[in-house]
Amino acid sequence: MMKPIVKYKKRGKQKAQFVIDGIDFIWANTIRRAIMTYVPSMAVERVRIYENTSPIYDEILVKRIGLVPLFTDLKTYNLPQECKCGGKGCARCQVTLILEKSGPGMVYSGDLKAQDPKIKPVYDKIPLVKLGKGQKVKMEMIAQLGLMSDHAKYQPALASYKQLTETKFEFFVESYNNLTPEEIIECAMDRLGTKFDTQI
Ligand SMILES: [Zn+2]
């Protein structure tokens with residue numbers, strides 16, 4: 001299978017529009033799904049709470065933290081299931097983050113501090129919880145790469161298309177993290193190629 005040729009109409013850091021010629025609607029939908037489901041992204045997977053005297057429950061706070069987009073570095077990090085450690089967890093597939101803050105004041109995504117300074121939140125000002133005077137949160141987290149098939153928080157981008165002619169499709173991709181739409185599409189195509197090679 002030859003890799004389909006992508007012609008860009010708009011190519012931004014976050015959003016891109018491009019046309020793929022020479023495919024049918026089955027391929028168009030496969031590419032759309034590959035962009036959303038085969039490209040890994042970084043998110044908090046496990047949380048150990050030492051202290052949470054904030055007004056919200058542990059579970060809700062953990063869910064909010066899980067949804068914070070983290071810097072995704074596909075060159076340094078492996079998906080745990082594809083890592084040499086066999087998924088046990090090592091420096092190539094896991095990052096530890098710390099959150100410690102006392103009130104009064106708002107806890108923001110930017111307060112998450114990672115052991116690898118590269119793996120910072122993509123947006124600093126996502127509010128997580130408002131602390132009153134004397135209230136405190138203290139927790140340790142493990143972030144890892146994951147796929148949307150594991151959890152929706154790992155979805156790296158939005159992808160949609162419209163059909164222009166029988167073989168021509170116009171796609172729209174919006175990235176949710178630091179990866180550019182171009183990097184996401186390239187990774188999706190690569191992983192799609194690998195999948196097909198291994199299936200045939
Ligand atoms: Zn590992």
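A residue counts as buried if 20 or more other C-beta atoms lie within 10 Å of its own, as exposed if 12 or fewer do, and as partly exposed in between. The exercises below use a predicted model.

**Exercise 1. Describe the chain as a whole: what share of its residues is buried, and what are its elements and its spans?**

Step 1. Under the cut-off of 20 or more C-beta atoms within 10 Å, 28% of the 200 residues of the chain are buried.

Step 2. The secondary structure consists of 3 helices and 10 strands. Read from the N terminus, the order of elements is β-β-α-β-α-β-β-β-β-β-β-β-α.

Step 3. The C-alpha trace spans about 65 × 35 × 25 Å along its principal axes.

Step 4. Among contacts with a separation of 6 or more, 64% come from residues 24 or more positions apart.

**Exercise 2. State which elements have the lowest and the highest mean pLDDT.**

Step 1. For the chain, the mean pLDDT is 92, and 94% of the residues reach 70 or more.

Step 2. Helix 3 (residues 181-199) has the lowest mean among the elements, 73, and strand 5 (residues 105-108) has the highest, 98.

Step 3. The pLDDT is below 50 over residues 194-200, and this stretch has 1 contact in the model beyond near neighbours in sequence.

**Exercise 3. Locate the two domains and characterise the side of domain 1 that touches domain 2.**

Step 1. The domain assignment gives domain 1 as 5-39 + 156-199 and domain 2 as 44-152.

Step 2. The C-alpha centres of the two domains are 28 Å apart.

Step 3. Contacts between the domains involve 8 residues of domain 1 and 8 residues of domain 2. On the domain 1 side, the touching residues comprise 5 nonpolar, 3 polar and no charged.

**Exercise 4. Work out the sheet with the order 1-2-10-9: which strands stand at its edges, and which helix packs on it?**

Step 1. This is an open sheet of 4 strands with antiparallel pairing.

Step 2. Strand 1 (5-11) and strand 9 (157-163) each have a single partner strand, so they stand at the edges and one side of each has no neighbour in the sheet. From one strand to the next the twist averages 25°.

Step 3. Strand 1 and strand 2 (residues 15-21) run antiparallel and are joined by 6 bridges. Val 6 has Ile 20 in strand 2 as its bridge partner.

Step 4. Helix 1 (residues 25-37) packs on this sheet and touches strand 2, strand 9 and strand 10 (168-175). The direction of helix 1 makes about 170° with that of strand 9.

**Exercise 5. Work out the sheet with the order 3-8-4-6: how many bridges join strand 8 to strand 3 and to strand 4?**

Step 1. The sheet is open, with 4 strands and antiparallel pairing. Its edge strands, strand 3 (41-52) and strand 6 (113-114), each pair on one side only.

Step 2. Strand 3 and strand 8 run antiparallel and are joined by 10 bridges. Here Ser 41 stands opposite Gly 146 of strand 8.

Step 3. Strand 4 (residues 95-102) is joined to strand 8 (residues 136-146) by 8 bridges, and these two strands also run antiparallel. Opposite Ile 98 stands Glu 140 in strand 8, and the bridge partner of Lys 101 in strand 8 is Val 137.

Step 4. Helix 2 (residues 58-66) packs on the sheet through strand 3 and strand 8. The direction of helix 2 makes about 150° with that of strand 3.

**Exercise 6. Place Thr 76 and decide whether it is buried, exposed or partly exposed.**

Step 1. Thr 76 is in the loop between helix 2 and strand 4.

Step 2. Thr 76 has 13 C-beta neighbours inside 10 Å, and therefore counts as partly exposed.

Step 3. Along the chain, Cys 93 and Thr 76 are 17 residues apart, and their C-alpha atoms are separated by 8.5 Å.

**Exercise 7. Determine whether the peptide bond from Gly 103 to Pro 104 is cis or trans, and say where Pro 104 lies.**

Step 1. Omega is near 0° for the bond from Gly 103 to Pro 104, and the bond is cis.

Step 2. Pro 104 is located in the loop between strand 4 and strand 5.

How values were computed: Residues numbered from 1 in each chain as written. Predicted model: local features only at pLDDT ≥ 70, side-chain atom pairs only at ≥ 80, totals over all residues. Domains from an automatic or database assignment. Contact = placed C-beta atoms within 7 Å. Nonpolar A, V, L, I, M, F, W, Y, C, P; charged D, E, K, R; others polar. Pairing = 2+ DSSP bridges. Axes fitted to C-alpha atoms, helices over the stretch in contact; angles between N-to-C directions. pLDDT = per-residue confidence, 0-100.
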